[in-house]
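Visitor: I would like a close look at a single part of this protein, namely its charged side chains and how they pair. Please take me through that part slowly, and then place it in the rest of the fold.

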Amino acid sequence: MRRFLATAAVALLATVAAAQTEPTVQQISSRLTPNGLKADVSFLASDLLQGRATPSPGLDIAAEYIAAQFRRAGLEPAGDDGYFQTALYANVTPNLDGMEFTLETGGNTVTAHKESMALQQAGAADFSRSDVLKAMGTDSAALGALTPEQVRGKVLVLDFPDGSNPMLVTRQLPAITERLQPALVVLLRSGGQPTNVTARLREMSASSSTPVLLVWDDAIRAALGSGKPGPADATVSVHIPPPTVVPIKLHNVVGVLRGSDPALRDTYVLVTAHYDHLGVRGTGEGDHIYNGANDDGSGTASVMEIANALASQPMRPKRSIVFMTFFGEELGLVGSRYY
C-alpha cells in the first residue's frame, strides 16, 4: 500500500471478482476512479495536516476525515467510540537535570561527562553501587540466553564494538527489559553525538520504563569495554530524574462491511493502512513538512475508496470486511500492535 496508489484496490477486487458477476465487477471498478483516490491523498498529504505525526492535531484531523468517509460509505462503526478505537497513551519526556553516571572499578571512580552520554529511553533511576552484568550488544544469542536471575536489579551493559550500531537493538529493548528486569541498560558505544530523546509514547497501562542510557565516554569505555561478557568487577551509581508524563488519546479508525452469507459473515477480511507520517522536522528556511502522500496517504485513500466501492453494491461480499487505519506506524507499528 505504500508505493502504488491502487494496489490494495486491485488486489481485493481480484478476489471479489471471482465470486461476482461481470456487471458487478464493472460496477465496483467504476467506483474506483483516479480522481477519487487523488482527492483523498491531496487532503491527507496537504500542508494543513502538517505531516500527520503521532500525536498531533493533523493526525486527529485525518482520523476525523477517515471516520467521515466510513460513515458516508455506510460501514458499521467498530470502535469503542463510534469509528474510533481509543488508545490511552502517554507522551514521556526525559528530564536531564542533574543526570549523573559514575563507575567504580579497581579502586578507581570514573564519572561520565554529560557531553558523552544521552538517554535513549526515558525513565527514572537513582541508586548507588549496583552490580554490573556485561554482554555484547551484537550477540543476539547471548542476549536471548540471559535469565532474570542473572540480570534482575543490576545494570545491564551492552557493549558495541567499533563499527557496530546500537540502534539495531532499539526495538528489542522493551522486550529485553520486560523479561530481564534490569535497573538500568547502558549501551556502550564508541564516538558519535547521538541526541537525547525528546518524547516517546508509552501505554498508560504499562509500568514505568527502564531507562536506557547511551554512553561513549572514553574513560568509561576503557574501564568496561576491556572485560569479557558476564559479571563485571565494577559497580555503577546513577541519578536520572523522573520524566514528565502527559496523557494523550490516540485512535485507530475502524469500520465493518457486514457479510451477506450467514455461514461466513463471522469470518473477516482486514483491509488496512496507517494514516500517520513523520510530521514536521528540522528548522530554518525551506519546507520541513513530511507530507506522506505515498507513506501512507495512498494506502489510506485505497482503504476508504475500496470501502465505498464495495458498500455501494446491492450484493455484498459473503465474508465481513474490516476497514481499518492505524496511528503510530512510524513509531514502530504502535497502532497495529495496540489493535
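Guide: The part to look at is a network of salt bridges that links K134, D159 and R221. Please keep in mind throughout that this is a predicted model, so that every distance and accessibility quoted here is computed from predicted coordinates.

Let us begin with K134 and D159, which form a salt bridge whose closest N and O atoms are 3.6 Å apart. This pair joins distant parts of the chain, since K134 lies in strand β6 and D159 in strand β7 (residues 155-159), with their positions 25 residues apart in sequence. Are these two residues buried or exposed? K134 has a relative accessibility of 4% and therefore counts as buried, the cut-off for that class being under 20%. D159, with a relative accessible area of 7%, is buried because it falls under that cut-off too.

The network then continues from D159 to R221, and in this salt bridge the closest N and O atoms are 3.9 Å apart. Here again distant parts of the chain are linked, for D159 belongs to strand β7 while R221 sits in helix α8 (residues 218-224), 62 residues apart. The acidic side chain of D159 thus takes part in a salt bridge with K134 and in another with R221. As a general matter, side chains of opposite charge can pair when their charged atoms come close.

The structure holds four salt bridges, and one of them lies outside the network just described, between the side chains of R129 and E104, with an N to O distance of 3.2 Å. R129 is in strand β6 (residues 125-136) and E104 is in strand β3, so this pair also links distant parts of the chain, 25 residues apart. R129 counts as exposed because its relative accessibility is 57%, which is over the 50% cut-off. E104, at 22% relative accessibility, counts as partly exposed.

The strands named so far can now be placed in their sheet. Eight strands form an open sheet of mixed pairing, in the order β4-β3-β11-β6-β7-β8-β10-β5. At its edges are β4 (108-111) and β5 (117-121), each of which pairs on one side only, and the twist from one strand to the next averages 30°. Strand β3 (residues 100-105), which carries E104, pairs with strand β11 (residues 230-240) in the antiparallel sense over five bridges. Within that pairing, F101 has V238 of β11 as its bridge partner.

For the protein as a whole, the secondary structure comes to 10 helices and 16 strands, and 48% of the 339 residues count as buried. Links across long stretches of sequence are found well beyond the salt bridges: among contacts between residues at least 6 apart in sequence, 81% join residues at least 24 apart.

A word on confidence is needed at the end. The mean pLDDT of the protein is 87, and 86% of the residues reach 70 or more. Over residues 1-7, however, the pLDDT is below 50, although this stretch has 22 contacts in the model beyond near neighbours in sequence. Where pLDDT is low, the predicted coordinates should not be read in detail.

Conventions
Residues numbered from 1 in each chain as written. Predicted model: local features only at pLDDT ≥ 70, side-chain atom pairs only at ≥ 80, totals over all residues. Heavy atoms only, no water. pLDDT = per-residue confidence, 0-100. Contact = heavy atoms within 4.5 Å. Pairing = 2+ DSSP bridges. Helix = DSSP H or I, 4+ residues; strand = E, 2+ residues; numbered from the N terminus. Axes fitted to C-alpha atoms, helices over the stretch in contact; angles between N-to-C directions. Buried < 20%, exposed > 50% of the residue type's maximum accessible area, 1.4 Å probe, protein only.
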